[in-house]
Amino acid sequence: MNKPIKRRLLFGERMLLGDGTEPFNAVIPFRLRGTFALKDIQQALVQIQNKHPWLRALINHDEKNIPWFDVPEKPLSIPIRIVVRKGEDHWKEESKREWHTLFDYQKLPLIRFVWIKGEEVSDMLFAFHHCLCDGGSAMAFLHEFLKVLDNPSADIGSEQPIMGIQDVVPAHILNSRRQKLKAKFIGRLVATAIKYIPTGKKTLDRQDDYLIHWKVDEKVSQQLISYCKSNEITVNTFLSAALLQAFKKVKGSAAFNKISCPVDIRRFATQIKNDHIFAFGLMIVVSANEKMSFLENLRSMQSAVERKTSKLNPYITMMVMESGHDALTNFTKLLKNGKSSNDCMFSNLGRIQIPHEYKEFTVDTIFSPSVIGPLGNTTTLVVSTYRGKMDFSFVGSEGYLPYTEAMAIRDEVMQIIKVQLEYIPVS
């Protein structure tokens, strides 16, 4: 039996949780070659739950209706759903099903497992509520799961969970009178502004959700990385620029010329370890200058990204948000009913550092995660690289970006990559 652990949800987590009536789910699909026994999968899931208390947590509300992560003394296992594998693309169907399936978080953990069972190849999915953690955390527990699935006696350590803002923000900042006043002041300012921003009476009907998935082969992926290195820009900036140009070409004057990019908080707040189960992220917005050539744009965007990133302050941001719990309802309403002002969210997880060969099985591929929720524009592109290949998961909804336009944007992004790489001098 484990000792009970509980903590209040932080502002960002509460926002993602919502009122429990609409899912905000993330899915990480992966493909394994090998044969598996259910008891071994169950055992591996128990081991990652033993390491990470929040993977055992339920959510309960206190008398003020504030939600808490609450780890029961007698833990509940991660639910497993088994389906017979119908083909290479079956995982997409199951991913969509998982997006739309609510978590009954008062009775079950905020994470589920799907085994799409084949003879020699199985696709598997972790589905989790986004308030539980981000893609970075999920890659950490996926790595641990594969490790103990292969070797049940492997040591994956144990997590000292984050118990609140005091475990992230250093004490000298958290307890500084000046910083507290600053956070409170900004918090009040934002809360007041939010109150007066006009929003629609109702949420936009997002209609059918879709997932477009594709991979770029190793050769092109490598060429793209080399191109970015030689031009001293990141792959992130290149893909952001390509995406902005593609939206402009497909949507014309209806494009916003804005993409929001999450920035991993762990780069700034070193208290948050790679294997911490944590959902809070930072965000920057990038735009292109339409008067510049693609390459000029890349350089200008790269310096804008560096400037904006250097100004990010996770500590004061968290303190501001924690001072604004009473503004949560208005903020959520604004996100849901406010007019969309950006084209899409773009997240690059970079190279996934998970081995591909294990003793008992091989990891054929790890697909880029997909995530969809009720807070505004659902259009999201997630990219990751595994075994040298870039993998793209493009998620959207007909009501925000029709599927036909999303397909045209995908083709345009690939065309831009092709055209740019033709300029690379062959050494």
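Is Val-216 buried or exposed? At 6% relative accessibility, Val-216 counts as buried, because the cut-off for buried is under 20%. Keep in mind as you look around that this is a predicted model.

**Val-216 and its surroundings**

Val-216 belongs to strand 8, which covers residues 209-216. Beyond its neighbours within four places in sequence, Val-216 is in contact with Ser-221, Lys-389, Met-390, Phe-392 and Met-414. Another pair worth finding on screen is Val-216 and Ser-368: 152 residues separate them in sequence, while their C-alpha atoms are 12 Å apart in space.

For a pair with another kind of spacing, turn to Arg-177 and Asp-167. These two are ten residues apart in sequence, and their C-alpha atoms are 18 Å apart. Arg-177 is part of helix 6 (residues 177-196).

**Accessibility, residue by residue**

Here are some single residues that you can click through, each with its relative accessibility.

| Residue | Relative accessibility | Class |
|---|---|---|
| Lys-51 | 5% | buried |
| Val-216 | 6% | buried |
| Asn-257 | 19% | buried |
| Arg-387 | 39% | partly exposed |
| Arg-177 | 66% | exposed |

Lys-51 may catch your eye, as a lysine that counts as buried. This residue sits in helix 2, which spans residues 38-51. Setting aside residues within four places in sequence, the contacts of Lys-51 are Glu-144, Ile-156, Gly-157, Ser-158, Glu-159 and Asp-275.

Helix 3 (residues 90-99) is mostly covered too, with seven of its ten residues buried. Those buried residues are His-90, Trp-91, Lys-92, Glu-94, Ser-95, Glu-98 and Trp-99.

**The nonpolar cores**

In soluble globular proteins, nonpolar side chains tend to be buried together. In this model, the largest nonpolar core has 119 residues. Its members that touch the most others are Phe-30, Phe-113, Phe-126, Phe-141, Phe-145, Leu-146 and Phe-238. Helix 8 supplies the largest share of this core, with nine residues.

Phe-145 is a good place to start exploring. Not counting residues up to four places away in sequence, Phe-145 touches Phe-30, Ile-41, Ala-44, Leu-45, Ile-48, Phe-113, Met-124 and Phe-126. There is also a second, separate core of twelve residues, and among them are Val-83, Leu-125, Ile-372 and Val-395.

**Two helices in contact**

Two packed helices are described by the angle between their axes and the distance between the axes. How do helix 7 and helix 8 cross? The axes of helix 7 (residues 218-230) and helix 8 (residues 235-251) come within 9 Å and cross at roughly 105 degrees, which means that helix 7 is roughly perpendicular to helix 8. On the helix 7 side, the contact is made by Leu-224, Ile-225, Tyr-227 and Cys-228, and on the helix 8 side by Val-235, Phe-238 and Leu-239. The residues of this contact comprise seven nonpolar, no polar and no charged.

**Strands and sheets**

Strands of a sheet pair through backbone hydrogen bonds, either parallel or antiparallel. One open sheet here is built from three strands in the order 1-4-3, with antiparallel pairing. Strand 1 (5-8) and strand 3 (58-61) are the edge strands, each pairing on one side only. From one strand to the next, the twist averages 30 degrees. Strand 3 pairs with strand 4 (residues 67-71) over four bridges in the antiparallel sense, and His-61 stands opposite Pro-67 in strand 4.

Elsewhere, strand 9 (residues 259-263) and strand 10 run antiparallel and are joined by five bridges. Ile-259 has Val-286 of strand 10 as its bridge partner. Which side chains of strand 10 are buried? Along strand 10 (residues 282-286) the side chains alternate: Leu-282, Ile-284 and Val-286 point to one face and are buried, whereas Met-283 and Val-285 point to the other and are not.

**Two loop residues with positive phi**

Most residues other than glycine have a negative phi. Asn-257, which is not a glycine, has a positive phi of about 60 degrees. Asn-257 lies in the loop between helix 8 and strand 9. Arg-387 also has a positive phi, near 55 degrees. The loop that holds Arg-387 runs between strand 14 (380-386) and strand 15 (389-397).

Definitions and conventions:
Residues numbered from 1 in each chain as written. Predicted model: local features only at pLDDT ≥ 70, side-chain atom pairs only at ≥ 80, totals over all residues. Heavy atoms only, no water. Buried < 20%, exposed > 50% of the residue type's maximum accessible area, 1.4 Å probe, protein only. Contact = heavy atoms within 4.5 Å. Axes fitted to C-alpha atoms, helices over the stretch in contact; angles between N-to-C directions. Parallel < 35°, antiparallel > 145°, perpendicular 65-115°, else oblique. Nonpolar A, V, L, I, M, F, W, Y, C, P; charged D, E, K, R; others polar. Core = buried A, V, L, I, M, F, W, Y, C linked by side-chain atoms within 4.5 Å. Pairing = 2+ DSSP bridges.
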